[in-house]
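Here is a short tour for anyone meeting this protein for the first time. Have a look at the picture, then read on.

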Amino acid sequence: MLNKITNWFNKRPTPSKKGVTTKSIANLFRKQYPTLITKESYTKPQYRSTRWAVLHGPCYGEKKFKGTLLIDLSQMFEWSQNHAKKTWTNQTVTQEAKEYFPEWLTRIDLETEAVTILDKGQYEFLKDYYSDFVNEDWHQIYCPQCKVTYKKLDRQTLNKEKTGSELSWTIQWKCIVGHVLCRHDTSIRLF
Ligand SMILES: [Zn+2]
């Protein structure tokens, strides 16, 4: 849907000189499709974040993650600030969670070892970036079979296949002993 709007925006006879910005898309969306913006608003957490948060794992009822992927929130202030500037979603809870997140991180509690559980809004805007965070080395992963939290991770891409215009593959992550921590099939359509 956002792509469609971006295309339409670019095709206007007199496109704005500034080009398409996150703000202009958000404003256009509010004007043209107000009913598609969800009404439920975000409730700011009343507690401080700790250094480590669960990004993925069985505790969120996820099937593809058997291990628990933790991310280091003490590294994420700058990323979250940029991300809030550059992206916009019509899901109000997610959008407001994303906008509030950098401010929340300024009060991070680095003394407490408890792990932070993300709320729904935070989870929604962070969940798709797990590979990026692992690439940045902002992670740890808990293997329930070893009962050990590892930094090292065996990341594999299997079953790469191209069928017509569709590219598909399987992502598999294992602990260093060989237990599967994450596995899922994914695909993209090429144009
Ligand atoms: Zn293991």
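Two strands count as paired if DSSP finds at least two bridges between them. Keep that in mind for the sheets below. The model you are looking at is predicted.

## The big picture

Let's start with the whole chain. The protein has 191 residues, and 18% of them count as buried. Lay the C-alpha atoms out along the principal axes and they fill a box of roughly 60 × 50 × 25 Å.

The protein holds six helices and eight strands. Walk along the sequence and you meet them in the pattern α-α-β-β-α-α-β-α-α-β-β-β-β-β. What about contacts between distant parts of the sequence? Take the contacts in the protein with a separation of 6 or more: 57% of them come from residues 24 or more positions apart.

## Two domains

The protein splits into domain 1, covering 1-37, and domain 2, covering 41-152. Where they meet, domain 1 supplies six residues to the contact, and domain 2 supplies six residues as well. On the side of domain 1 that touches domain 2, you'll find five nonpolar residues, one polar and no charged.

## The five-stranded sheet

Now for the sheets. One of them is an open sheet of five strands, with mixed pairing and the order β3-β1-β2-β4-β5. Why do β3 (116-117) and β5 (148-150) each have one side without a neighbour in the sheet? Both stand at the edges and each has a single partner strand, so one side of each is left free of a neighbour there.

Further in, strand β2 (residues 68-72) runs antiparallel to strand β4 (residues 139-143), and the pair is joined over four bridges. To spot this pairing in the model, look for L70, which stands opposite Q140 in β4.

## The three-stranded sheet

There is also an open sheet of three strands, in the order β6-β7-β8, and its pairing is antiparallel. Its edge strands are β6 (154-163) and β8 (180-189), each of which pairs on one side only. Ignoring direction, neighbouring strands of this sheet are turned by 15 degrees against each other on average.

How many bridges link β6 with strand β7 (residues 166-174)? The two pair in the antiparallel sense over eight bridges. For a concrete example, find T157: its bridge partner in β7 is I171.

Technical notes: Residues numbered from 1 in each chain as written. Predicted model: local features only at pLDDT ≥ 70, side-chain atom pairs only at ≥ 80, totals over all residues. Domains from an automatic or database assignment. Contact = placed C-beta atoms within 7 Å. Nonpolar A, V, L, I, M, F, W, Y, C, P; charged D, E, K, R; others polar. Buried ≥ 20, exposed ≤ 12 C-beta atoms within 10 Å, placed from the backbone. Axes fitted to C-alpha atoms, helices over the stretch in contact; angles between N-to-C directions.
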